There are 2 protein chains.
Amino acid sequence: MTKSNKYKQIFEDLSKKIQDGTYTANSILPSENELSVIYATSRETIRKALTLLAQKGFIQKLRGKGSLVLDVSRMSFPISGLVSFKELQTSMGRDQIETYVHEFGLMRADDQVASQLETSAKEEVWKVVRSRQISGERIILDKSYFLKEQVPFLTKEICENSIYEYLEGELELPIDFAKKEIVVEECTDEDREYLDLDKYDHVVVVKNFVHLKDATLFEYTESRHRLDMFRFVDFARRKH
Amino acid sequence: MTKSNKYKQIFEDLSKKIQDGTYTANSILPSENELSVIYATSRETIRKALTLLAQKGFIQKLRGKGSLVLDVSRMSFPISGLVSFKELQTSMGRDQIETYVHEFGLMRADDQVASQLETSAKEEVWKVVRSRQISGERIILDKSYFLKEQVPFLTKEICENSIYEYLEGELELPIDFAKKEIVVEECTDEDREYLDLDKYDHVVVVKNFVHLKDATLFEYTESRHRLDMFRFVDFARRKH
DNA sequence: AAGTGGTCTAGACCACAAA
DNA sequence: TTGTGGTCTAGACCACTTC
């Protein structure tokens, strides 16, 4: 259950205490030296935990002053990471959201899919097309492709729930990072069929290229959002 | 000129060597132990530089194997950072881009601007409205607000060039991080006046909340993009 | 078994902020 | 001057990959 890494445990503990109000917004955390006593560890290990907290937007480090607790309540959306649908679900409340699987099966990659997955055409891939209904309206269409080599087995039932829970939980796939591209495209017939688009004739397309720890690309997903329901939040550090 | 921090110097050096092909894509960097000899420093310092490289998307660390050099040529857009217009300019070639200043001056923040800047109404702010013309078409409208307290002096001429060059170069403002929100909104009359919108009746709005190192918010900028010309790329690490 | 990156330590010196 | 976070060191042990 608990993380094996000391600095991650400390990060988890501190982020919990920030979220439950033990450490309130705009207050200063105990100093690094104090924390290293509290957690009975070295200062560098504390610093690793604090660096994580800063990267996730929980604190802001101020040289000579301390670590300022930021206002996490302002940030309801995931912070600069994979926007897996599961996160969206938990932040909105599960009951209002429905997932429909429209297409599910194995196929050979055509040229277009192959180029997105940086693989050869004819490679076997799972294709999954799902729509997401929120508060009664179908507003997101997810088109996903997974390399069969990495995901040997998949069912429609899994796709109706959380694919990521399965990939990370059951398959224990070492998922590492994703490149995301956001563009706007004109609606396709498929969009019109599976989404409640009203008057809109464009969709916001979020393209996700998901890599494993060994840097191989194994998933390409296109999330097509109705314009008025799209929102993306990114909490970015300065370049350097 | 040169960065004072050893690990940043090493980062700069390695990223240069990756970009100029000294270390080619898909090859493995010298090991951490080798690098610590090459740069005559400790392994932890090398690791800091490598961590930076990984965060910026230059390499992928593989436990037990080494640091894999990624294909940087694929990423033309800024990586998960401030998309300052200057970066956009340099990546597209300066000549094709024109900036027009439509509004420039001091004002007292109204309630709307004040709430975005998390300050009180009546606070003095600079308001700058600029359009960006790329290859002959006006496609981005930037509405910026700067707190006068942080930016005491500003001219129209500065706004016609790079405000950030001025803020960081002349004023030496310690700019640290930005929260970004992306949404789609219906066009306003202002959009129609300053942009070549053709048939489009929506714009992609990128809201930038820019903070200083002491965590104070000092700028709010809304970049309003014509739908078809918008593109956002984010290279994100996994949550943990 | 040897080499790699990942974690952790105990100490040092520095730059910055506040009293 | 004191306390803070930022950098750096030299060494240790671990987990993983490769041979």
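In this predicted model, chain A comprises two domains, domain 1 spanning residues 6–73 and domain 2 spanning residues 85–229. The centres of domain 1 and domain 2 of chain A, taken over C-alpha atoms, are separated by 35 Å.

Helix H1 of chain A covers residues 6–19. At 1.5 Å a residue, a helix of these 14 residues should span 20 Å, and the end C-alpha atoms of H1(A) indeed lie 20 Å apart, so the expected and modelled spans agree. The buried residues of this helix are A:Ile10, A:Phe11, A:Leu14 and A:Ile18. Viewed down the axis of H1(A), these buried residues fall within an arc of 105° and therefore line one face of the helix. They pack against helix H3 (43–55) and strand E2 (66–69) of chain A. On the other side of H1(A), A:Lys16 and A:Gln19 are exposed. Just after the helix, A:Gly21 adopts a positive phi of about 90°.

The surroundings of DNA strand D draw on both protein chains. Helix H2 (32–38), H3 and E2 of chain A, along with helix H1 (6–19) and helix H3 (43–55) of chain B, each contribute at least two residues to the surface near this strand. H3 and E2 of chain A thus appear in two settings: the buried residues of H1(A) pack against them, and they also supply residues of the surface near DNA strand D. Of the 22 residues around the strand, those that come nearest are A:Ser31, A:Gly64, B:Lys6, B:Glu44 and B:Gly64. By class, this surface consists of 11 charged residues, 10 polar residues and one nonpolar residue.

Conventions
Residues numbered from 1 in each chain as written. Chains lettered and ligands numbered in written order. Predicted model: local features only at pLDDT ≥ 70, side-chain atom pairs only at ≥ 80, totals over all residues. Domains from an automatic or database assignment. Helix = DSSP H or I, 4+ residues; strand = E, 2+ residues; numbered from the N terminus. Expected span 1.5 Å × (residues − 1). Buried ≥ 20, exposed ≤ 12 C-beta atoms within 10 Å, placed from the backbone. Arc of directions from axis to C-beta. Contact = placed C-beta atoms within 7 Å. Near = placed C-beta within 6 Å. Nonpolar A, V, L, I, M, F, W, Y, C, P; charged D, E, K, R; others polar.
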